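Let's take a walk along the contact between two chains, beginning at one pairing and widening the view from there. Have the model open beside you as you read.

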Protein chains: 2
Amino acid sequence: MDHEPPPPAAMPSGRRSTIGSLARRAGVAASTVSRALRDDPRISPEVRARIAALAAEAGYTPNILARTLVGGRSGLIGLVLGPIENPIYAEIMREAVAQAAARGFRLLLLHVGQGPIEDATAEALSQYRVDGCLITSAELSSRAAAICAGNGVPVVMVNRVPRQHENAVACDNRAAGEVLARLLLAAGHRRLAVVTGNPGTSTSQDRADGFSGFVSSAGLAAPRRIEGGASHAAGFAAGQAIAALPTEERPDAVLGVSDILAMGVMDGLREAGLSVPTDVSVVGVDGIAAAAGPPYRLTTVAQPLQAMVARGLDLLTARIGGAALPQEMVLLRGTLMRRHSARLTAPED
Amino acid sequence: MDHEPPPPAAMPSGRRSTIGSLARRAGVAASTVSRALRDDPRISPEVRARIAALAAEAGYTPNILARTLVGGRSGLIGLVLGPIENPIYAEIMREAVAQAAARGFRLLLLHVGQGPIEDATAEALSQYRVDGCLITSAELSSRAAAICAGNGVPVVMVNRVPRQHENAVACDNRAAGEVLARLLLAAGHRRLAVVTGNPGTSTSQDRADGFSGFVSSAGLAAPRRIEGGASHAAGFAAGQAIAALPTEERPDAVLGVSDILAMGVMDGLREAGLSVPTDVSVVGVDGIAAAAGPPYRLTTVAQPLQAMVARGLDLLTARIGGAALPQEMVLLRGTLMRRHSARLTAPED
DNA sequence: TTGAAAGCGGTACCAC
DNA sequence: GTGGTACCGCTTTCAA
């Protein structure tokens, strides 16, 4: 088994073994080692076994960089993450790392946050020869997009509908908004409001539109729109603003376009002395873990994150394969989670 | 300026330009291009300018993989992240990406979550020739540690004191516990409790020990220990358990060893009808953003995340430089944030 | 079934 | 100052 004794210091214990060194030790050519290690059927079983043993003993690991250089794939997927203050991005990331690993890919963390991607980062994309790029939320800078396009690096957006020419996987946000509107109306709510997210984001717009559209087409007054943002703090402010409204104007149900925002709304309302859901019902969209339990128990439409990431990687790997596929966009239906932040039965009167 | 028209399809627009192609176009040798691009002073200004212009026009980016192959650094730092349910890890990550980028490094996301690192992941570490490894929380599997040691890849742990032989940067957790204990005692609290985190983690132990130690040495009864965990849910359960205690046994102040845990404790107490801080004071450690505002306004000791990551990268880059430095451990003092989850003035009686 | 050699994109050493 | 060349580790023809 040849366990090497713990090296005296942090000394790089000898040279790393390479295909060449293995070849020498095995008395064969480098090409033979290469083939043996990749289970090429042409190599005789004995030789293959001998080389495999040698490799294991030497703790050999192939140098992917060299392999990539020859023309192979890097096995790297560039990841661009949205504002991490919203736990949804952390959840997407967790899912993405795990699923990418299962498919033999590693994630190169390019950017975190909403800010635009710096040039240096955009270049990393090209310098490291990433096979593809996974983007959540944050806008891909035109620079980065150009680099991807110019190099034939496929791009897939997750949780965001592309303004440009990328592939995308998203939750059917419009439908999510409609489902929630239907739910609230069925429970007898009549004065609705929606707290919007970051202006210009498709998620916020689609959810709000679906919600408002359903209400309007039911013949009711369009929900009041309140400017929110992407954070709990923004929701909190909105909640306080709502609480400050004259009672007869106060909505009886409000949608925060994301869970984190809706949580803020709940806290804002409660801080102002109102009760949720007794005075005001609150619902969200996303399905983040933090909103599921007390003190929120948020009724929401949960995004099918696992499936979203899976389909995102599907789109990506198909295109990494080199196939000239058309732009594709996948919409996945969310799941309504009935919890306790909204009154869901018509008041008896 | 030569903006290329948007390629008809996602066609890899021609070949990527390389040092060789630039050399040909410039009518010089490849080595000259290499030197010119790296601002080697030996190259004449004119040639350098000409090559720079050519490179810019062609949208040339060096292939880091090739550069690394020659013996250079990969510029890659492996990142292992703890259980992302705790926002502290997301914050560390955000900080790490930004600071690493500023130093010219990219992060290879190796693992997220508490689970042990799979073998495939550990190998990626070696295959991609990462220059160093940054670990938060999650135990580095012995496999991964062996790979790092065997290849002379330096490892630095952030937010975790190493059981093994790695370098580390952490908050002075013991001191944090003491500071909070002193604060609570000064405000007249006498019946203290501590809700512990994941068993066996140094952060949880050190914080709890510092807290308990200070109380004991002040001549008071040691704080009651309540088993918690790493999540809001664990804290919530602990909060409910505390609320269920007979009044005369109920602690008047409790430390949740992490903010997320303390938030859970607060919610658990409140759900049971108790008021924080009127009935029970609650404090935490970490300084996560979510705990700062309402409804928590958690009094806590904030970890100096920015400095922690900076020092972590310092340790790493110094060792990546090849210097044979001794194991090093850096403890950084946190900052007490007095907010409103704890009664901080002695009750007048 | 195996070996030899070329080459991927750079860097660095040695000449000139 | 600049060019030639060898080489990093691996894959892939092309021969044998």
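**Where chain A meets chain B**

A good place to start is A:L108, whose bridge partner in β2(B) is B:L108. Keep in mind that you are looking at a predicted model. Stepping back from that pair, you can see that strand β2 of chain A, residues 106–112, runs antiparallel to β2(B), and that three bridges join the two strands.

Now widen the view to the whole interface. Here 51 residues of chain B are in contact with 51 residues of chain A. Putting the two chains together buries about 4,700 Å², and carbon and sulfur atoms give 60% of that area.

What about the charged and polar links? Four salt bridges are found across the interface of chain B and chain A. To look at a salt bridge in detail, go to A:R297 and B:E271, where the closest N and O atoms are 2.7 Å apart. Between the two chains there are also 15 residue pairs in polar contact, counted with both residues at pLDDT 80 or more.

Which elements of chain B build the side that touches chain A? At least two residues each come from the helices α4 (64–69), α5 (87–102), α6 (119–127), α7 (142–151), α10 (232–244) and α11 (259–271), and likewise from the strands β1 (76–81) and β2 (106–112). The strand we began with, β2(B), gives the most to this side, with seven residues. Sorted by class, the side of chain B that touches chain A holds 28 nonpolar, 14 polar and nine charged residues.

Key
Residues are numbered from 1 along each chain as its sequence is written. Chains are lettered from A and ligands numbered from 1 in the order in which they are written. This is a predicted model: local features need pLDDT of at least 70, side-chain atom pairs count only at pLDDT 80 or more; totals for chains, interfaces and linings use all residues. Side-chain values use heavy atoms; hydrogens and water are left out. Contact means heavy atoms within 4.5 Å. Buried area is the accessible area (1.4 Å probe) that two parts lose on being put together, summed over both. A salt bridge is a side-chain nitrogen of Lys or Arg within 4 Å of a carboxyl oxygen of Asp or Glu. A polar contact is a pair of N or O atoms within 3.5 Å; within protein, one must be able to donate a hydrogen and the other to accept it, and residues adjacent in sequence count only if both atoms are side-chain atoms. Helices (H or I, at least four residues) and strands (E, at least two) are DSSP runs, numbered from the N terminus. Ala, Val, Leu, Ile, Met, Phe, Trp, Tyr, Cys and Pro count as nonpolar, Asp, Glu, Lys and Arg as charged, and the others, Gly among them, as polar. Two strands pair if DSSP finds at least two bridges between them.
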